Amino acid sequence: MSEVPDNRIGPADQEEAAGVRHWLSRNAWRFLLLFAGVLVPLAVFVALADEVHAFESFHFDAPLLMRMHGWHGPVLDQWVVVVTRLGYDWFLIPADVVIVAALLLRRHWREASFAAIAFVGSALLNMGSKQFFQRDRPSLWESIAPESTYSFPSGHAMGSMTFACVVVLLAWNTRWRVPVLIAAPAFAVLVSLSRIYLGVHYPSDILAGWCAALVWV
């Protein structure tokens, strides 16, 4: 007679299974972060880039641009120009430099390296992407703050979202976590919306910039 294999789970197997469950329970948030912070934005960026590369238009771009254009007024125009300038040379670039310098002065080498690579890499990726896709700027109306470079993905959206992600991560284990978690993404959204309001970016440019920043950081 042939022997029937013993399929009973022994103590060692039970201990191993418990160890796996414990590891998964402690690291579930890492998988969630990988999915929400990398895989989903990457899939969205690839989908947008594929359409732009094929010279296809997005049905939501023109209607959203025209809706934002309908809000134009002298006072709001001035405020939006200030916001868009803060999202680049008036605040964002100096803030990037100050953050890295402050971390270096405090000898936080790991955090300084992370911030520097995030900021510089994001800028280089954006410039490279613009040259690769060479998407023209919107021309639905004459902008009060015209741009001459290519459009996809938005440098302001990508840079401000990179900044927001970096400062949130740096502040996560500090008492500044909550205010930074509120203020930094709000800043990125305002800067990005200013680009649509000014008519220098399609909404799809903004979405691609956000996704690229999330994946990179």
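Biologist: What does the secondary structure of the chain come to?
Modeller: Keep in mind that this is a predicted model. Walking from the N terminus, the elements read α-α-α-α-α-α-α-α. So the tally, with strands at zero, is eight helices and zero strands.

Biologist: Is the chain more spread out or more compact than the globule rule gives for 217 residues?
Modeller: For 217 residues the globule rule gives 17 Å, and the radius of gyration of the chain is 23 Å, well over that. Along the principal axes, the C-alpha trace spans about 90 × 50 × 30 Å. Because its radius of gyration is well over the rule, the chain is more spread out than a compact globule.

Biologist: What share of the residues in the chain is buried?
Modeller: Buried here means under 20% relative accessible area. The chain exposes about 13,900 Å², with carbon and sulfur atoms supplying 67% of it. Of the 217 residues, the buried share is 37%.

Biologist: How far apart are the end C-alpha atoms of helix α5?
Modeller: Helix α5 covers residues 109-133, which is 25 residues. At 1.5 Å a residue it should span 36 Å, and the model agrees with that. The end C-alpha atoms are apart by 35 Å.

Biologist: Which residue follows α5, and what is its phi?
Modeller: The buried residues of α5 include A112, F119, N126 and F133. After α5 comes Q134, with a positive phi, near 50 degrees.

Biologist: How far apart do the centres of the positive and negative side chains lie?
Modeller: The chain has 15 positive side chains and 17 negative ones. The centres of the two sets lie apart by 12 Å.

Definitions and conventions:
Residues numbered from 1 in each chain as written. Predicted model: local features only at pLDDT ≥ 70, side-chain atom pairs only at ≥ 80, totals over all residues. Heavy atoms only, no water. Helix = DSSP H or I, 4+ residues; strand = E, 2+ residues; numbered from the N terminus. Expected span 1.5 Å × (residues − 1). Buried < 20%, exposed > 50% of the residue type's maximum accessible area, 1.4 Å probe, protein only. Rg over C-alpha atoms; globule rule 2.2 N^0.38 Å. Areas by Shrake-Rupley, 256 points an atom, 1.4 Å probe, with all protein chains shown as cover. Lys, Arg positive; Asp, Glu negative; His and termini not counted. Charge placed at Lys NZ, Arg CZ, Asp CG, Glu CD.
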